[in-house]
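User: Could we go through how the labels on this model are earned? I would like each term set against its cut-off.

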Amino acid sequence: MRRYNNFPINVYLFLLIQIFSITIFIHFLKQNMNVNYYDENEYIAFSKQILEHGIFDFQEPLRTYFYPLIISLFNMFSGENLVYSKIITSVFQYSVLIITIIFLANLSYKKFPYKSVPTIIILFGLLNPYLIQASTLFLTDILATCFIVFSLGLMSFNNNRNVTYMSSVFFLFASIMIRPSSSIFIPVYIFILIVKHIKIEKIKMGNFLIISFLLAFIFIPQLYNNVKNYNDWTPLIHKNLYETQSSWAADYLKYGTVVIDGVDPKLFYINPIESDKETIYDLLFLEPINFLFVYFIHIIGILDWGFVDTYINSFDITSRLVASILLYIYWFLVILGLKNYFSSKLNNFSMNALLFSTIIYVLFIGTTLVESRFGYPVFMLLLPFTGLGAHWITTRISFKITMIKTLIWMIIFIISFFIFSIWLDFQTKQVDWEKIIENQYDNEVETVNFSDEINWSFVMNYKDFKIVRLIPNSPIPINITNMMVIDSNGIELNHDDSFEEPHSFSYRFWENPSGVLISVPNTVTGWGESESPTPDQIMTFFKKNKYQMTFTLIK
């Protein structure tokens, strides 16, 4: 057994896992690097504010500045090319994810020196497609989650050194400035710190307070701009998003965002129990049965992540089958690990700290309208228990009856989770499995002739081809499917948001105004490699070359 880092894992096994992980990352990077949706565009716009005016002159009521600042720094290195910036940001976020998982594997092995612990942590951490795809988006989830893990891990696992606490506090503050909901970990952090001071080792509280005070500078730009623009003395965000979240939480079980042609992008999982109460706290005091039902579904909802993509681009159940099974096996191993942890009376302070942090986070987040990505911190904080679950199995592998029972329970667990997940999807009133599986729609085909269109513009130069935008004369209805673009030779263009190759198109229904992007080879248009064609030139090309777009209206 050759060691990798400070724990025993076969080097070749680690490299194999890493190769698979990188392959998954490249797949999602190609899918997402040329397209940005909703919140991503808001972070891009915020980063441009910072580039133009600095961190002491921005106006943004809904988001904190630190993540857009990171994007703006990468924008500087990429020459403000958005695609290159997204690639650099994605590589950075994916690298932080890998480092975090190795960090957890190291710490866990120090506490529980079993060979299976780091191996399983590496396996499930690096091969989680949900986390990997999230690293290829301009969203805060991965960095905020990893920084919380670093903060709690450094504080609860490591020794009593100033540099350790300085790093720990910095990661805590940075995670809050990336994603304000991370502030729920402040009281958790303080409580764990006090317990550690009393029961484990004396902490130099004076030094710790000085460090915390000095590192609080990270909040100053946000506080300054809130006071300046809104006369609001808060170091977080001006708008009270929790008020909205707790209100929606009473009516809905979960939320997702869809980027499928013809489907409403707001995917609300509707509470089947009707209520006129305004917030989830009204349910708690006035309709406790309804509250328990909704709250339970919210908590299970952050464990069942459903479709892999944060921005759901397909309702095909096969696209999430393998990912969901791996996730359910992970939660099953966590349960085994917790059983092993308590039955063996291991009672380790550091593990208790991670478990306590997870419980408080889950109790809090259950009062909001949850999304699948809200479960990322739960996954990461419980990774060490997966290793303990695997260790429990390895110590009992020779007991055939025990293994058979465990396998049966795991199968029951996976099937039960799938049944719950499909039931939850039915509550959206949008995910109609019968229509999706059988494709039963009343069809009415519409045609758009590009030769009749006048609203053209140039978007971007690529090697050997260019991307142009069409804003149709008549807006395309939202309730459509089966969109196709046919060129003048009768060849169908690829429907591809990433534009990896020429001869592709993408319907940008999430943009305002919505439009269609088309990639056309320079050999077909006759345009030069560095030429930026004018709207008139583009219109002339499509008048001569009879491209056509068709789509099916859904009734």
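User: Why is strand E10 called largely enclosed by the rest of the structure?

Analyst: Buried means under 20% relative accessible area, exposed means over 50%, and partly exposed lies in between (1.4 Å probe, protein chains only). Seven of the seven residues of E10 are buried, so the strand is largely enclosed by the rest of the structure. One point on provenance: this is a predicted model, where local features need pLDDT of at least 70 and side-chain atom pairs count only at pLDDT 80 or more, while totals for chains, interfaces and linings use all residues. Residues are numbered from 1 along each chain as its sequence is written, and side-chain values use heavy atoms, with hydrogens and water left out.

User: How do you know which residues cover each face of E10?

Analyst: In a regular strand the side chains alternate between the two faces of the sheet. On one side of E10 sit Gly515, Leu517, Ser519 and Pro521, and on the other Val516, Ile518 and Val520; all are buried, and both faces are covered.

User: What makes E6 and E10 a pair?

Analyst: Happily, that is a simple count. Two strands pair if DSSP finds at least two bridges between them; strands (E, at least two residues) and helices (H or I, at least four) are DSSP runs numbered from the N terminus. Six bridges join E6 (residues 465-470) to E10 (residues 515-521), so the criterion is met, and the two run antiparallel. Ile467 stands opposite Ser519, and Val468 faces Ile518.

User: Which strand is joined to E10 by four bridges?

Analyst: That is E9 (residues 504-508), also antiparallel to E10. Tyr507 has Val516 as its bridge partner there.

User: Why are E5 and E8 called edge strands?

Analyst: The open sheet has five strands in the order E5-E6-E10-E9-E8, with mixed pairing. E5 (456-462) and E8 (494-495) each pair on one side only, and that makes them the edges. Helix H22 (residues 535-544) packs on this sheet and touches E5, E6 and E10, its direction making about 95 degrees with that of E5. Touching, or contact, means heavy atoms within 4.5 Å; the angle is taken between N-to-C directions on a scale from 0 to 180 degrees, with axes fitted to C-alpha atoms, for helices over the stretch in contact.

User: What makes the pairing mixed in the sheet E2-E1-E3?

Analyst: In this open sheet of three strands, five bridges join E1 (residues 252-258) to E2 in an antiparallel arrangement, whereas two bridges join E1 to E3 in a parallel one. Tyr255 has Phe268 of E2 as its bridge partner, and Val258 stands opposite Ile312 in E3. E1 is mostly covered, with six of its seven residues buried.

User: Why does Thr428 count as buried?

Analyst: Its relative accessibility is 4%, and that falls under the cut-off for buried, so the label fits. Thr428 lies in the loop between helix H19 (400-426) and helix H20 (433-438). Not counting residues up to four places away in sequence, Thr428 touches Leu267, Phe268 and Tyr269.

User: Is Phe170 buried, exposed or partly exposed, and how do you know?

Analyst: Phe170 has a relative accessible area of 30%, which lies between the two cut-offs, so it is partly exposed. Phe170 belongs to helix H8 (residues 162-178). Leaving aside neighbours within four places in sequence, Phe170 is in contact with Leu215 and Ile218.
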